Amino acid sequence: MSPRPEAPALPDRPLPPKPPARADRVGLWRYMRLFRQDILSAQPARLYRAWMAEFRTPFFRSYLVNQPDLVRLVLAERPHDFPKSRRVREGLAPLLGESVFVTNGAQWERQRRIIDPAFEGGRLRETFPAMVDAAEAALARLMARADGRAVEIEEEASFAAADVIFRTLFSVPIEDEIAGRVFHAFRAYQRRQPLVNLAAFLPLPRWLPRPHRRGVRASARSIRGLIARMVERRLAEIEAGTAPDDLATKIMTTADPVTGERFDVAEMVDQVAIFFLAGHETSASALAWGLHLLALYPDAQERVAAEAATLPARPGFSDLSKLAFTRDVFRETLRLYPPVPMMVREAARPERFRDRDVARGAQVVLSPWHLHRHARLWEAPDAFAPERWATENGRACARDAFIPFSSGPRVCTGAGFAMAEGVLLLALITRAVRLSPEPSRPPVPVAHLTVRARDGIWLRLARRARQIP
Ligand code: HEM
């Protein structure tokens with residue numbers, strides 16, 4: 001699957017931002033310091049070419065796996081032998097409890113049996129109008145700021161994505177007082193939680209100091225308290241027969257087809273917490289980077305605007321099929337800036353990878369960030385080229401080296417939802433506003449929970465003369 005020189009050349013555009021790599025060899029303490037700042041620049045450049053890398057320290061071994069057949073083995077072929085790492089579970093437990101994101105085995109299987117029906121194809125169509133409402137509200141906020149001054153777009157994208165998840169889950173806009181408080185408490189939680197990734201990636205000994213513990217627990221408690229109130233309110237509405245037909249009602253009323261049981265209130269709070277976190281942080285990251293890429297590449301931006309101009313004022317679900325190029329832009333965004341940059345699993349039994357012994361309990365890291373930019377797999381790996389998805393190399397890599405939503409049985413439940421949301425928002429925003437970069441503030445990608453920009457993403461917005469048909 002090497003890049004084919006005879007294939008038509010991809011357009012020659014300047015490269016979008018990429019974080020610097022660290023020196024090839026650094027000591028453990030320096031590595032840990034770098035890691036706390038950002039997990040991307042803490043890695044050496046060789047990971048963009050390697051099929052596998054071993055990290056040895058006095059405390060642990062971990063293996064970054066970058067070879068398509070090994071990635072497939074871990075995620076899709078033998079997922080039971082590579083459960084979610086206990087370290088990730090520990091790091092996220094204060095907030096996510098026993099949510100589907102962190103559980104394993106029979107408990108996880110039962111949770112997916114109840115959750116999955118809420119995300120089936122048909123449901124997405126029913127959920128779509130709530131997504132459009134959130135997109136229109138986001139657009140109204142952006143239009144109010146489209147006066148040529150620089151706007152920090154990550155915050156706007158977070159607001160929009162949180163609004164989408166609240167409207168689709170609970171039929172309430174984020175402006176709702178409770179929803180607004182959950183949103184702000186989550187932001188505080190993330191800021192105080194710099195070590196989740198570190199704890200997950202590097203199984204640290206317990207005696208190492210972990211700052212902010214108390215603060216993290218307090219903000220997790222406050223978020224869970226707020227979500228618990230929304231869940232309880234909804235339970236009362238279900239009992240009274242007045243509940244709206246949204247994702248929360250669907251999940252709370254679906255019985256496990258095997259046991260006949262439903263989620264109890266505590267489990268439901270865990271699940272809502274993960275839908276909010278997994279569903280809004282990730283989508284917000286992708287939307288912000290997507291808008292930045294469109295600002296950097298006006299040719300692509302004009303193509304998206306032209307496609308979006310063919311939509312009715314208020315698009316329906318089937319209109320998404322008219323947005324083929326916008327979809328390729330969004331996929332390219334997920335390739336270059338995968339919101340979940342790395343995933344961690346644990347070897348449940350001894351393995352042998354590329355002639356190396358991988359001991360039981362070793363951490364296995366899958367890195368969408370590195371796989372998506374792998375120099376031996378992708379043609380022009382660091383270039384923005386939505387056109388690539390129509391090439392032979394792009395199609396082969398889409399199958400073998402593109403995992404923004406993971407793959408196999410633990411694939412993101414919200415993948416279809418997120419694709420609809422991302423394409424819709426990119427199209428509606430670009431139809432109404434012209435985006436351009438703020439040259440004095442180029443964004444530097446960094447990763448904590450998700451891939452973000454170190455000092456935000458600053459764009460200038462101007463209203464487009466030609467508006468909705
Ligand atoms: C662009 C947006 C999104 C991206 C890139 C994304 C990515 C991912 C990835 C990579 C995983 C697997 C993590 C791992 O295995 O360690 C995952 C899991 C998950 N995602 Fe998403 N996600 C997105 C949006 C959403 C949305 C909108 C929802 C819900 C509405 C959602 C719900 C979940 C859940 C519940 C899981 C756990 C699945 C399981 O372990 O069984 N995600 N997501």
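Which of the 26 residues around the ligand come nearest? That's where I'd like to start today. The answer is K84, W108, R112, R345 and C412. Before I go on, a quick reminder that this is a predicted model, so please hear everything that follows in that light.

Let's take C412, since the ligand carries an iron atom and C412 is its only protein donor. The SG atom of C412 sits 2.3 Å from that iron. And where is C412 in the fold? You'll find C412 in a loop, the one that connects helix 15, residues 392–400, with helix 16, residues 415–432.

Now the oxygen atoms of the ligand. For R112, an N or O atom of the side chain is 2.6 Å from a ligand oxygen. For K84, again with a side-chain N or O atom, the distance to a ligand oxygen is 3.0 Å. V100 takes part through its backbone instead: a polar backbone atom there is 3.3 Å from an oxygen of the ligand.

Okay, zooming out to the elements behind the shell. Those that supply two or more residues are helix 4 (105–115), helix 11 (265–296), strand 4 (343–346) and helix 16. Which element gives the most? That's helix 11, with 5 residues. As for the chemistry of the shell, I count 16 nonpolar residues, 6 polar ones and 4 charged ones.

Strand 4 and helix 11 both turn up again when we look at the sheets, so let me do those in turn.

Strand 4 belongs to an open sheet of 4 strands, ordered 1-2-7-4, with mixed pairing. Its edges are strand 1, residues 52–56, and strand 4 itself, each of them pairing on one side only. From one strand to the next, the twist averages 25°. If you look at the strand 4 end, the partner is strand 7, residues 363–366; the two run antiparallel and share 4 bridges. As a landmark on screen, try V344, which stands opposite V365 of strand 7. Then there's helix 2, residues 68–77, packed on this sheet. Helix 2 touches strand 1, strand 2 (61–65), strand 4 and strand 7, and its direction is at about 115° to that of strand 7.

On to the other sheet, the one that helix 11 lies against. This one is open too, with 3 strands in the order 3-11-8 and antiparallel pairing. Strand 3 and strand 8 are the edges here, each pairing on one side only, and the twist averages 30° from one strand to the next.

Strand 11, residues 458–463, has 4 bridges to strand 3, residues 147–152. One spot to check there is V151, whose bridge partner in strand 11 is L459. Towards strand 8, residues 433–437, strand 11 makes 5 bridges. Over on that side, V433 has R463 of strand 11 as its bridge partner.

And here's the link back to the ligand. Helix 11 lies across strand 8 and strand 11, at about 80° to strand 8, and helix 11 is also the element that gives the most residues to the ligand shell.

So, if you open the model after this, I'd begin at C412 and the iron, then follow helix 11 over to strand 8 and strand 11. That's what I have, happy to take questions.

Notes:
Residues numbered from 1 in each chain as written. Predicted model: local features only at pLDDT ≥ 70, side-chain atom pairs only at ≥ 80, totals over all residues. Heavy atoms only, no water. Donors = N, O, S within 2.8 Å, 3.2 Å for Na, K, Ca; no water. Near = heavy atom within 4 Å. Polar contact = N/O pair within 3.5 Å; in protein donor to acceptor, adjacent residues only side chain to side chain. Nonpolar A, V, L, I, M, F, W, Y, C, P; charged D, E, K, R; others polar. Pairing = 2+ DSSP bridges. Axes fitted to C-alpha atoms, helices over the stretch in contact; angles between N-to-C directions. Contact = heavy atoms within 4.5 Å.
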